[in-house]
Amino acid sequence: TSGGDCQALNAAMRGVAKTLFNAKEDVEIYGFLDGYKGLIYGKFRMLTGSDFSGILTKGGTILGSSRMPFKLMREPDENGLNKVEAMKQNYHKLQLDCLVILGGNGTHKTANLLKEEGLNIKTIDNALWGTDMTFGFQSAVNIATEAIDNIHTTAASHGRVFIIEVMGHKVGFLTLNAGMAGGADVILIPEIPYDINKVIDAIKERHDRGSRFTILAVAEGAISKEDAKLSKKEYKKKLENYTYPSVSYEIADQIAKKSGMEVRVTVPGHTQRGGTPCPYDRVFASRLGSEAGKLILKGEYGFMVGYKNREIVKVPLEEVAGKLKMVDPGSSIVKEAKMLGISFGD
Ligand code: F6P
């Protein structure tokens, strides 16, 4: 398990293990600790059936995880160790048949690199490209939605503007879904750059109609129209002198200054990745894990197991590596949200 964790990683591992243990008697499973670091530095332990018992409902990962940017993978560590070679050596030393890797976009890039280096790789979707759904997503939507639900009552009491900042890095699926589920009035996502004046117009319109409060679901990667026009270099420069903790605070400041309204920001942050996986994710991750186990039994490697058009599918790793799936601003869900009266500030 590598990169940022999410709910149902354990359920997915359990799905792989149960499928293999049920099909064969001579299966040996080793768990590498803290993601690729475990493979690089040979930190692992043998896992038996009991390790996978009781973990279906457990959030996080029993193996631990760590982030290792792809760029650093190719660079030697502080002691001059070649990480890719070290991973290959440990793989061969243990005479592994294959590596099962669970993680997001960065993780898949490294998985593809190891595949190119000749290792047998099987990944399970937690990345976005090549799959309609990722496990952990529904659980995160539930938590972000609950945060918005909880804000509703206090917002109504005080008649303020509330911003709930939702995770998702540069992608707005989580904000869009939690925003709609929580009845947010304004949803700002990276894929639809906002105009702060339009956001304020939406708040004023609500106010004029007699609503005492407005709730904004803002993606942590939300970006204004002006910033979206900046070159990468210019944007980086802007961030160097940025004084707000995150974009929501900048938006809050602008709304307060321009409209005189009282604004509050809530950032549920990593709670969105924590806790118990919801039933949907438990089933979904178990299914993906089981399919991964099936492919391993057949000796089919080099794929990510994902979900397309309501089917569990295998997607070649090279099609996934380094790609990001984003919200299509012209998609029907965005159109429907707009028809419901939700402002995207565009
Ligand atoms: O990529 C998943 C994610 O949860 C993003 O939504 C968020 O920006 C990032 O990870 C946070 O990373 P970290 O856990 O390293 O702080």
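This briefing covers the ligand site and the two largest pockets of the structure. The model is predicted. The ligand occupies the largest pocket. That pocket holds about 1300 Å³ of space. The second largest pocket holds about 850 Å³.

**Ligand shell**

- Seven residues surround the ligand: Arg-67, Met-167, Gly-168, His-169, Glu-220, His-270 and Arg-273.
- By class, this shell has 1 nonpolar, 3 polar and 3 charged residues.

**Polar contacts and burial of the ligand**

- Glu-220 uses its side chain: one of its N or O atoms there is 2.5 Å from a ligand oxygen.
- Arg-273 also contributes a side-chain N or O atom, at 2.8 Å from an oxygen atom of the ligand.
- His-169 contributes through its backbone, where an N or O atom lies 3.4 Å from a ligand oxygen.
- On its own, the ligand exposes 390 Å². The protein buries 61% of that area.

**Largest pocket**

- About 1300 Å³ of space lies here, and 40 residues line the pocket.
- Arg-67, Gly-104, Asn-105, Gly-168 and His-169 are the lining residues closest to the pocket centre. Arg-67, Gly-168 and His-169 are also among the residues around the ligand.
- Four helices each give at least two lining residues: α3 (70-73), α5 (105-116), α6 (137-158) and α7 (173-181).
- Helix α5 supplies the largest share of the lining, with 5 residues.
- The lining comprises 15 nonpolar, 17 polar and 8 charged residues.

**Second largest pocket**

- The volume is about 850 Å³, and the lining is made of 32 residues.
- Closest to the centre of this pocket are Glu-28, Ile-29, Tyr-30, Cys-98 and Val-100.
- Helices and strands both take part. The helices giving two or more residues to the lining are α1 (9-23), α2 (36-40) and α12 (279-298). The strands doing so are β1 (29-32) and β3 (99-103).
- The lining splits into 23 nonpolar, 5 polar and 4 charged residues.

**Lining classes side by side**

- Nonpolar residues number 15 in the lining of the largest pocket and 23 in that of the second largest.
- Polar residues number 17 in the lining of the largest pocket and 5 in that of the second largest.

Conventions: Residues are numbered from 1 along each chain as its sequence is written. This is a predicted model: local features need pLDDT of at least 70, side-chain atom pairs count only at pLDDT 80 or more; totals for chains, interfaces and linings use all residues. Side-chain values use heavy atoms; hydrogens and water are left out. A residue is near a molecule or strand if one of its heavy atoms lies within 4 Å of it. A polar contact is a pair of N or O atoms within 3.5 Å; within protein, one must be able to donate a hydrogen and the other to accept it, and residues adjacent in sequence count only if both atoms are side-chain atoms. Accessible areas come from the Shrake-Rupley method with a 1.4 Å probe; for residues, only the protein chains shown count as cover. On a 1 Å grid over the protein atoms alone, a cavity is a set of points where a 1.4 Å probe fits but cannot get out, and a pocket is an open set with protein on both sides within 12 Å along at least five of seven lines; lining residues have an atom within 4 Å of a point. A molecule sits in a cavity or pocket if more than half of its atoms lie within 2 Å of its grid points. Ala, Val, Leu, Ile, Met, Phe, Trp, Tyr, Cys and Pro count as nonpolar, Asp, Glu, Lys and Arg as charged, and the others, Gly among them, as polar. Grid points are joined across faces, edges and corners, and a volume is the space filled by probe spheres set on the points.
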